[in-house]
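Student: Please go through one part of this model closely, and connect the pieces rather than list them.

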Amino acid sequence: MKITSIRQYKGSTYEVTLDEERKIYLHADIIADFSLCSQTELSRDELRKIIYASNFRRAFQYALHLLDYRDYSHKEMLEKLVKTYKNEALCEKVMKKLTDIGVINDKRFAERMARKLIESKRYGLRRAMQELYLKGIDKFTAQDALVPYEDSAKENLACLLEKKYSRLLIDKSDRKSIEKVKNSLVRYGYGFSDINEAVKEYFENTEDLQEDL
């Protein structure tokens, strides 16, 4: 087959006409890489390579565009690419390039996410671990990312009780409200012993404050 015309379509994208009827749209980089010009003869194998290279470039650029807005784990980005481009083998190769150049890095992703989960959302280690798993982070990488926060339970629980649940902790004899708070904190990923100790200290501190007044 022969390229019968190459004309600018939009920005850096060009419309390439084959045998005066079939049209494909290629970035200027692909045209330059394959030295394409009008009257160039292409075999079917050469055309497949050109289209593959074009699709690879699009998927790679799409991934970089997504990464401009937030960080992605390997699993998240692969799923996003496969959903968009429907070619798992091609997307796997794109992921390899993204990993090789360091823009996809599960260790870095896990560390950043762990900090957000523990320091901003005030999750317990168990809930944070679950969230990292859901993002495709493996067990050992997740555990390493959470090591700096192993002693965070007491501080985070105290913060949650004061800022989120104080309206329910007015009366220490109100077992229904206290159990509601405790159940919510279990969902946050904290253990029963840590929760019980935190609630106990909360009421003790509240009583001490009232006595001081």
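Tutor: What follows takes the sheet, strand by strand, and then the helices beside the sheet. This is a predicted model, in which local features need pLDDT of at least 70 and side-chain atom pairs count only at pLDDT 80 or more, while totals for chains, interfaces and linings use all residues. Residues are numbered from 1 along each chain as its sequence is written, and side-chain values use heavy atoms, with hydrogens and water left out.

The sheet is open and has three strands, in the order E1-E2-E3, with antiparallel pairing. Strands (E, at least two residues) and helices (H or I, at least four) are DSSP runs, numbered from the N terminus; two strands pair if DSSP finds at least two bridges between them. The edges are taken by E1 (3-10) and E3 (22-27), each of which has a single partner strand, so one side of each is left without a neighbour in the sheet. On average, neighbouring strands of this sheet are turned by 25 degrees against each other, direction ignored; the axes behind this angle are lines fitted to C-alpha atoms.

Start with E1 and its partner. E2 covers residues 13-18 and is joined to E1 by six bridges, the two strands running antiparallel. The register can be read off from residues of E1 and those facing them in E2. Ile 6 has Val 16 as its bridge partner in E2. Arg 7 stands opposite Glu 15 of E2, and Gln 8 stands opposite Tyr 14 of that strand. E1 and E2 form a hairpin with two residues between the strands, and in this hairpin Gly 11 takes a positive phi near 60 degrees.

The chain then passes from E2 to E3. These two strands also form a hairpin, here with three residues between them. In the turn of this hairpin, Asp 19 has a positive phi of about 50 degrees. The pairing of E2 with E3 is antiparallel and extends over six bridges. For the register of this pair, Leu 18 has Arg 22 as its bridge partner in E3.

Next comes what lies against these strands. Helix H2, residues 44-67, lies across E2 and E3, where contact means heavy atoms within 4.5 Å. The direction of H2 is at about 45 degrees to E3; such angles run from 0 to 180 degrees between N-to-C directions, with helix axes fitted over the stretch in contact.

H2 also takes part in a link to another helix. The structure holds 12 salt bridges, each a side-chain nitrogen of Lys or Arg within 4 Å of a carboxyl oxygen of Asp or Glu. One of them is formed by Asp 29 and Arg 57, whose closest N and O atoms are 3.5 Å apart. Asp 29 belongs to helix H1 (residues 28-33) and Arg 57 to helix H2, so this pair ties together parts that are 28 residues apart in sequence.

Put together, the central position in the order E1-E2-E3 belongs to E2. E2 has six bridges to E1 and six to E3, and H2 lies across both E2 and E3. H2 is in turn tied to H1 through the salt bridge of Arg 57 with Asp 29.
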